[in-house]
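The following note sets out some points for a colleague who has the structure at hand. The points begin with a domain and go on to the pairing of the chains.

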2 protein chains.
Amino acid sequence: MDVLVIGGGVIGLVTAWRAAQRGLRTALADPEPGGGAAQVAAGMLAAVTELHYGEETLLGLNLASANRYPRFAAELEEASGEDTGYRSCGTLAVALDTDDRAHLRELHALQRRFGLESEWLTGRECRRLEPLLAPGVRGGLRVDGDHQIDPRRLARALVVACERAGVVFHRRWAERLSVVRDRAAGAVLAGGLSVAAGQVVLAAGSLSGRLEGLPAQAVPPVRPVKGQVLRLNVPPSYAPFLSRTVRAVVRGSHVYLVPRENGELVVGATSEELGWDTTVTAGGVYRLLRDAHELMPGITELPLTETRAGLRPGSPDNAPLLGPAELPGLLLATGHYRNGVLLTPVTGDVMAHALVTGELPDEARPFTPRRFSPAQQKVSA
Amino acid sequence: MDVLVIGGGVIGLVTAWRAAQRGLRTALADPEPGGGAAQVAAGMLAAVTELHYGEETLLGLNLASANRYPRFAAELEEASGEDTGYRSCGTLAVALDTDDRAHLRELHALQRRFGLESEWLTGRECRRLEPLLAPGVRGGLRVDGDHQIDPRRLARALVVACERAGVVFHRRWAERLSVVRDRAAGAVLAGGLSVAAGQVVLAAGSLSGRLEGLPAQAVPPVRPVKGQVLRLNVPPSYAPFLSRTVRAVVRGSHVYLVPRENGELVVGATSEELGWDTTVTAGGVYRLLRDAHELMPGITELPLTETRAGLRPGSPDNAPLLGPAELPGLLLATGHYRNGVLLTPVTGDVMAHALVTGELPDEARPFTPRRFSPAQQKVSA
């Protein structure tokens with residue numbers, strides 16, 4: 001094999017797919033390809049509404065990926081024969097009180113500073129767009145460029161596209177990185193099978209730091225950030241309940257409602273630093289229902305069909321780690337935190353480029369894992 | 001067959017068990033014996049704390065059944081070899097605001113008028129009993145005689161006891177009552193099998209009015225009253241979280257927390273008149289979590305393991321319909337509303353007596369289905 005990808009979430013899958021398309025003989029190890037955080041994620045493609053102070057570098061990558069999404073989704077649907085649920089519906093971020101409104105005003109100013117498309121609306125204008133919004137909505141930002149995809153469908157389509165592109169699936173955990181003469185050379189899988197490969201991509205999400213055999217300097221500084229997410233259902237008799245993604249900050253916590261065309265309404269998400277815990281808790285579900293209810297009182301009538309928790313791979317600067325690690329032959333594609341689904345297209349392109357050329361393309365240079373290596377940090381300091 | 005019981009919830013099962021013990025050849029028809037509302041119910045045996053104005057007659061039956069519970073549970077465990085989860089833990093009904101407190105004071109006065117054991121506690125005394133209660137608790141009623149049972153275990157034990165007593169199970173719906181010469185004579189089951197029986201007991205819970213072939217005057221006036229219930233889990237590290245059932249009225253809705261010895265914590269219940277709907281809704285779950293959180297803020301940490309809805313068989317006066325119906329050979333055991341689990345022991349005794357003698361025992365006379373028949377109502381009016 002030329003490439004072994006460890007991890008079959010959307011990031012590992014897109015890397016394997018793009019690598020195979022470039023003619024690299026590619027294998028992927030994961031007990032359940034297509035599983036992972038994408039099974040929980042809401043699938044907002046929110047480069048503009050999720051802009052944060054101090055994350056301007058990440059904004060560039062997020063926008064690059066958002067711009068590629070329509071073509072990426074079309075190409076993937078063509079390659080897999082599967083619908084991805086890509087929906088260019090736009091997003092409305094609303095404020096429920098004066099604090100929220102001040103916060104949204106600041107976000108709007110920041111967005112305009114970067115030339116991003118975003119329009120301030122009064123509460124009345126928000127409700128004209130989305131009539132079921134709470135009467136108390138004080139204003140909002142209409143961002144017509146922030147769309148959505150169904151991450152479960154995305155993951156399934158990527159699995160099929162990989163299969164069709166000749167990716168070899170090993171449906172097992174990779175337990176240990178194989179290192180030969182100070183170079184990554186493959187991995188030993190659960191059950192003892194050794195897979196040799198010229199290059200290894202570690203794309204195991206929040207678990208990426210746990211692979212045995214990683215030399216200390218190559219361990220990615222990722223940590224699990226728990227998210228609890230609900231799924232409601234909008235019966236046809238209630239449709240259209242919501243025509244675009246609606247989000248808000250309620251008393252400091254983010255809540256969003258993402259309506260799918262099939263009636264699914266995703267409500268997310270908590271953000272909890274609790275280690276490897278994926279328990280759905282009374283408090284998490286309560287908080288989401290309370291905040292969503294404050295935003296859209298009509299949700300009370302909707303069936304609650306699923307409660308679930310997943311783990312985002314958090315990184316120290318909330319940006320992904322992409323490209324060669326501090327071990328020859330090893331590349332990373334992890335640490336995508338809140339943006340794994342959004343960054344899927346660009347990650348595939350960047351990683352294929354790095355696998356073929358040994359270099360990161362310009363757009364991805366700021367995201368080299370080496371920014372966290374001790375030597376690099378001394379130079380920056 | 002001497003007896004065919006239609007419906008294999010706890011009421012149908014206990015009737016079949018007691019009938020078989022009396023030597024009657026007994027069959028029971030239900031696609032899933034032991035299922036039904038008992039799979040959702042919390043299992044409070046709350047004759048005293050659930051006392052309502054105007055339901056004094058029902059109180060007598062409830063108390064009779066509560067008093068029989070220890071011996072009933074012991075006998076059933078002996079007969080089935082199954083644990084029933086019977087737990088004599090008592091109940092604490094608390095008030096969170098002055099309105100609630102006034103309401104509880106009235107309940108206390110009513111309880112004392114009937115000579116029921118119930119002690120008024122200050123908020124501080126409540127928290128001394130249950131330290132995790134909300135600081136805002138203003139007072140409460142300690143009712144040491146209101147216990148609990150695990151309805152799922154109760155149902156399973158009854159199935160085994162029936163099997164051991166020789167009850168013949170037909171695992172199908174009864175679709176049509178067979179009436180021969182103006183007398184109930186058995187039923188036709190799904191798939192076409194006819195079961196003939198000397199007497200038929202209709203114990204199909206909220207579905208009891210829907211059996212085909214019932215003459216109009218024998219259709220029981222029962223309706224489904226939806227209840228949504230949550231199940232949380234108290235990990236051993238949090239135990240003892242709660243040592244007895246705690247309940248409250250929060251803004252007019254009842255909420256209760258029933259702690260099992262195995263760590264399960266049942267939170268119930270909504271009460272909704274929505275026909276045959278058993279959807280778990282965002283609003284139902286939200287209301288329960290909100291009210292439970294107000295009562296015991298610490299529940300936020302607990303895993304939410306199950307959300308479920310069931311249908312109580314409501315009757316016009318909230319009391320059950322027991323004994324001979326307006327069709328010779330047909331008996332009813334339905335309409336138990338909130339008290340199906342509590343009334344299981346006495347219902348078994350009453351129905352066996354009625355099947356053997358043709359008469360209701362004195363304690364059950366007020367619960368004859370004939371109280372709702374047009375002729376009877378004319379007499380009363």
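1. In this predicted model, residues 2-353 of chain A form a span that is 28% helix and 28% strand. The C-alpha atoms at the two ends of that span lie 14 Å apart. UniProt, in an unreviewed entry, lists these residues of chain A as "domain: FAD dependent oxidoreductase".

2. A nonpolar patch of about 300 Å² is found on the surface, and its members are Trp173(A), Leu207(A) and Trp276(A). Of these residues, Trp173(A) is placed in a loop of chain A, between β8 (168-170) and β9 (174-180).

3. Chain B is superposed on chain A by a rotation of 180° with 0.0 Å of shift along the axis, at an RMSD of 0.0 Å. This is therefore the relation of a two-fold axis. Within chain B, Tyr286(B) has the C-alpha nearest the axis, at 3.0 Å from it. Both copies use the same surface, since 100% of the contact residues of chain B recur in chain A.

4. How many residues of chain B are in contact with chain A? The contact involves 17 residues of chain B and 17 residues of chain A. About 1300 Å² is buried between the two chains, 75% of it on carbon and sulfur atoms. On the side of chain B, the most area is lost to chain A by Ala282(B), Tyr286(B) and Leu304(B), which together account for 41% of what that side buries. Tyr286(B) thus appears both at the axis, as the residue with the nearest C-alpha in chain B, and in this group.

5. As to charge pairs, the count between chain B and chain A is 0 salt bridges.

Notes
Residues numbered from 1 in each chain as written. Chains lettered and ligands numbered in written order. Predicted model: local features only at pLDDT ≥ 70, side-chain atom pairs only at ≥ 80, totals over all residues. Heavy atoms only, no water. UniProt positions renumbered as here; feature names shortened; annotations may be inferred. Helix = DSSP H or I, 4+ residues; strand = E, 2+ residues; numbered from the N terminus. Patch = residues over 30% accessible without salt bridge, like charges linked within 9 Å, V, L, I, M, F, W, Y side chains within 5 Å. Areas by Shrake-Rupley, 256 points an atom, 1.4 Å probe, with all protein chains shown as cover. Salt bridge = Lys/Arg side-chain N within 4 Å of Asp/Glu carboxyl O. Least-squares fit on C-alpha atoms with pLDDT ≥ 70 in both. Contact = heavy atoms within 4.5 Å. Buried area = accessible area lost by both parts, 1.4 Å probe.
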